[in-house]
Amino acid sequence: IKVPEPFKKETKWRTWKESVLTYLNSKQGQASIPLSYIIREKDIPERNVIYQTVHDQLVNKAILYGPEYNRNNGIVYDLLQSLTLNGPAWSWISGYQQNRDGRGAWKALIAYYEGDAMQTRSKQECYD
């Protein structure tokens, strides 16, 4: 699986988001856990969930702290930085650069591109 294309002004968010998720699902970090656990939606795993695959279990139950997490989180940040550096999304993740916080950067992108403000902008564009 190849590295996703950089996020540019004309790039479609949802397609790009899925390409990043697919890429991170294919890459293993420390302890052989897919790097996609860094950008999973929930901070705390749900209890009593039966996962269909070992991959899903690893992604959804991996611990989000400690030295392995810190290394993997930095790897994800470096990827996001390289993909957004010269595009419109850079301003949303640049604040996470000092700590190389990939999870924080991803959450910032989600909040901007899928949050309430984006929904309001999308509705306004439709009305216009």
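Analyst: Welcome! A helix here is a DSSP run of H or I with at least four residues, and helices are numbered from the N terminus. With that in hand, Asn-72 can be placed in helix H3, residues 67–84. Please keep in mind that this is a predicted model.

User: Thanks! Does that make Asn-72 buried or exposed, and how should I read its relative accessibility?

Analyst: Buried means under 20% relative accessible area. Asn-72 has a relative accessibility of 1%, so this residue counts as buried.

User: Which side chain makes a polar contact with the side chain of Asn-72?

Analyst: The partner is Tyr-37, whose side chain is 3.0 Å from that of Asn-72. Tyr-37 also appears in the wider set of contacts: setting aside residues up to four places away in sequence, Asn-72 touches Gly-29, Gln-30, Leu-35, Tyr-37 and Ile-38.

User: And what about Asn-73: buried or exposed?

Analyst: Asn-73 is in helix H3 as well, and with 6% relative accessibility it counts as buried. Its side chain has two polar partners to look at. One is the side chain of Asp-101, in a polar contact of 3.1 Å. The other is the backbone nitrogen of Gly-102, which the Asn-73 side chain reaches at 2.9 Å.

User: Which residues is Asn-73 in contact with, leaving aside neighbours within four places in sequence?

Analyst: Ile-38, Arg-100, Asp-101, Gly-102 and Arg-103. Let's pause at Arg-100, which is found in the loop between helix H4 (90–93) and H5. Its phi is positive, about 50 degrees, although Arg-100 is not a glycine. Arg-100 is partly exposed, given its relative accessible area of 36%.

User: Where does Asn-48 lie, and what is its phi near?

Analyst: Asn-48 sits in the loop between H1 and helix H2 (54–61). Its phi is near 60 degrees, again a positive value in a residue other than glycine. Asn-48 counts as exposed, because its relative accessibility is 80%.

User: Now for the helices. How do I read the packing of H3 and H5?

Analyst: Two packed helices are described by the angle between their axes and the distance between the axes. For H3 and H5, the angle is about 45 degrees and the axes are 7 Å apart, so the two helices are oblique to each other. On the H3 side, Tyr-69, Asn-73, Val-76, Tyr-77 and Leu-80 take part, and they meet Gly-102, Arg-103, Ala-105 and Trp-106 of H5.

User: At what angle do H1 and H5 pack?

Analyst: H1 and H5, the latter spanning residues 102–114, pack at about 155 degrees with their axes 11 Å apart. Angles over 145 degrees count as roughly antiparallel, and H1 and H5 are therefore roughly antiparallel to each other. The crossing of H1 and H5 is left-handed. H1 contributes Trp-13, Arg-14, Trp-16, Lys-17 and Val-20 to the contact, while H5 brings Trp-106, Leu-109, Ile-110, Tyr-113 and Glu-114.

User: I see several aromatic names there. How many aromatic pairs does the structure hold?

Analyst: A pair of aromatic rings is described by the distance of the centres and the angle of the planes. The structure holds 10 such pairs. One aromatic cluster joins Phe-7, Trp-13, Trp-16, Trp-92, Trp-106, Tyr-112 and Tyr-113.

User: Where does Phe-7 lie, and is it buried or exposed?

Analyst: Phe-7 lies in the segment before H1 and is buried, since its relative accessible area is 2%. Beyond residues up to four places away in sequence, Phe-7 touches Lys-12, Trp-13, Trp-16, Leu-83, Thr-84, Gly-87, Pro-88, Ala-89 and Tyr-113. Sequence separation is worth checking against space, too: Phe-7 and Lys-27 are 20 residues apart in sequence, and their C-alpha atoms are 20 Å apart.

User: Which C-alpha separation should I look at for Thr-11?

Analyst: Try Thr-11 and Gly-87, which are 76 residues apart along the chain, with C-alpha atoms separated by 9.5 Å. Thr-11 lies in the segment before helix H1 (13–26) and counts as partly exposed because its relative accessibility is 23%. A polar atom of the Thr-11 side chain is 2.8 Å from the backbone nitrogen of Lys-8. Not counting residues up to four places away in sequence, Thr-11 touches Pro-6 and Trp-16. Trp-16 is a member of the aromatic cluster too.

Note on methods
Residues numbered from 1 in each chain as written. Predicted model: local features only at pLDDT ≥ 70, side-chain atom pairs only at ≥ 80, totals over all residues. Heavy atoms only, no water. Buried < 20%, exposed > 50% of the residue type's maximum accessible area, 1.4 Å probe, protein only. Contact = heavy atoms within 4.5 Å. Polar contact = N/O pair within 3.5 Å; in protein donor to acceptor, adjacent residues only side chain to side chain. Phe/Tyr/Trp six-rings, centres within 6.5 Å; stacked < 30°, edge-to-face > 60°. Axes fitted to C-alpha atoms, helices over the stretch in contact; angles between N-to-C directions. Parallel < 35°, antiparallel > 145°, perpendicular 65-115°, else oblique. Left-handed = near helix turned anticlockwise from the far one by under 90°.
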